[in-house]
Amino acid sequence: MKLQQFICMIVLGFSSLTLSAAEREIDRVAAIVDNGVILQSDVDDIVNRVKRNAQAQGQTLPSDQALRTQAIERLIIANLQTQMAQRMGLQISDAQLDETIRNIAQSENLTLEQFRQRVINEEGNYERFREKVREEIITNEVMRANVQRRIYISPQEVENLLKVMEEQGASSEQYKLGHILIAIPSQATTEQVNESRERADQVMSLLNNGSDFRRIAIASSSGANALEGGELDWMNINEMPTLFAEGIRGRKKGDLVGPLRSGAGFHILTIFDIRGDNVAELTEVNARHILIKPSIILSEERAQTMLTQMVADLKAGTADFAELAKQHSEDPGSKLRGGELGWNEADVYVPAFRDTLNRLTVNELSEPFRTEHGWHIVQLLDRHTVDATADKKREQVYRMIFNRRYNEESASFMRELRDDAYIEVLADN
């Protein structure tokens, strides 16, 4: 018996219960992915969420079957990344998960309880939402660990782009793009390439005749953002894949671009919006922090409690931040300076630390929060906007090139991950 068939039998088990002489299905397997499975309930969760969001925005959607296909594809990639995380020994503690959810709540100006209640109202099950956040953190870490090592940026590349940007002027625009990918199978035959090209031309014809881009993206795109209507995050032209940058250069809001051919397939783009962004100025923060690292001897709860007490003492005026940092902080780079980190862009810090700093007002002290380094408290000492020095401009240009490469390599990584896997999508009965 094949391993995949065995897994399917184990998970399905008895798929129904007899209740008052009526049978009721509990759950079933929608797809087999290597040594894992995707359950129909998870597919339904995604489809229902897309429908709720579309209804709230007045957005039309394609058929339920198209939504199901896109939901299964998203879950296949997530499942493969989760399996890779298990092989890597990657885990996210409950404390890290709680801190991430707390940051999400604070970013929306809600208390943790208010946010929890909203999740229950919208999703129905808070614990299930919580585990999905954990899974998202893990898949992001798998992506980062596997993609970063593929990227090398030479000093000459940075200098070349810096020179081009200086010639163009300091002001640079950012684009909110829509993206549809008509994929080509790996090692595709000429016939398969031609079939994909025909599909891309048909999609382009629909769009030129007034069809809604987001609806077509949900129905037809193989891109990672298909269920979001193909919408990508804001990007400077120097951050997006080279193919996209060349295609949209000189275009205006609402323009359609494509089909553009790459190794992944045929891409169709639209420009949802454009905004200005001055790269000659940057915002820096001056902060100080105390870091406590949990260990076999020091539990997560004890580390958090220690910092909670420090916050109480600091607010009561019975303790000095610098002295506490020198005595207790486990960050060797700032400990002897009383926890001071100096002037930096907030983006140089890990996301949880950056997001906490961005929420603080000058002189405000944070509550304890968790990052991959341990438990922190941080105080924002000052914030200012400065003209970018030559070194800072180089750092910004480096990040632009890195983001471009990261976007390109992420797509390649996910495509390779899927191509190497055993995947069987079961019929929707």
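Mentor: Buried means under 20% relative accessible area, exposed means over 50%, and partly exposed is anything in between (1.4 Å probe, protein chains only). With that scale, 42% of the 429 residues of this protein count as buried. One caution before we go on: this is a predicted model, where local features need pLDDT of at least 70, side-chain atom pairs count only at pLDDT 80 or more, and totals for chains, interfaces and linings use all residues. Residues are numbered from 1 along each chain as its sequence is written, and side-chain values use heavy atoms, with hydrogens and water left out.

Trainee: Fine. How many helices and strands are there in the protein?

Mentor: There are 14 helices and 13 strands. They are DSSP runs numbered from the N terminus: H or I over at least four residues for a helix, E over at least two for a strand.

Trainee: Let's take a helix. What span is expected at 1.5 Å a residue for the 12 residues of helix H5?

Mentor: The rule is 1.5 Å times one less than the number of residues. For H5, residues 112-123, that gives 16 Å, and its end C-alpha atoms are 16 Å apart, so the two agree. Just after H5 comes Gly124, with a positive phi near 95°.

Trainee: And how far does helix H8 reach from its first C-alpha to its last?

Mentor: H8 runs over residues 190-208, which makes 19 residues, and reaches 27 Å, close to the 27 Å expected. H8 also has a glycine following it: Gly210, whose phi is positive, near 100°.

Trainee: Which residues in H8 are buried?

Mentor: Val193, Ser196, Ala200, Val203, Met204 and Leu207. They sit on the same side of H8, because they cover an arc of only 100° around the axis. That arc is taken over the directions from the helix axis to the C-beta atoms.

Trainee: So what does the face of H8 turned away from its buried side carry?

Mentor: Thr190, Glu191 and Gln202, which are exposed, are on that face. Colour H8 by accessibility and look for the buried group, Val193 and Leu207 among them, then turn to Thr190, Glu191 and Gln202.

Trainee: Now backbone oddities. What should I look for?

Mentor: Most residues other than glycine have a negative phi, and most peptide bonds are trans. Here Asp34 goes the other way, with a phi near 50°. Asp34 belongs to the loop between strand S3 (29-33) and strand S4 (36-39), and its relative accessible area of 23% makes it partly exposed.

Trainee: Where is Asn363, and is it buried or exposed?

Mentor: Asn363 lies in the loop between H13 and strand S11 (369-371). It counts as exposed, at 52% relative accessibility. Its phi is positive too, about 75°, although Asn363 is not a glycine.

Trainee: Which peptide bond is cis?

Mentor: The one from Gly258 to Pro259 is cis, with omega near -5°. Look for Pro259 in strand S7, residues 256-261.

Trainee: Next, the fold at long range. Among contacts between residues at least 6 apart in sequence, what percentage join residues at least 24 apart?

Mentor: That share is 70%, where contact means heavy atoms within 4.5 Å. Gly230 makes a handy example: this glycine is in the loop between helix H9 (213-220) and strand S6 (235-236). It counts as buried, at 1% relative accessibility.

Trainee: Which residues does Gly230 touch, not counting those up to four places away in sequence?

Mentor: Leu177, Gly178, His179, Ala217 and Asn225. There is also a C-alpha pair to check: Gly230 and Leu181 are 49 residues apart in sequence, and 8.8 Å apart in space.

Trainee: How far apart are the C-alpha atoms of Ala411 and Gly223?

Mentor: They are separated by 8.6 Å, with their positions 188 residues apart along the chain. Ala411 is part of helix H14, residues 390-419, and at 36% relative accessibility it counts as partly exposed.

Trainee: One more pair, then. Where is Pro351 found?

Mentor: In helix H13. Pro351 is partly exposed, at 45% relative accessibility. Its C-alpha lies 8.1 Å from that of Thr371, with the two residues 20 apart in sequence.
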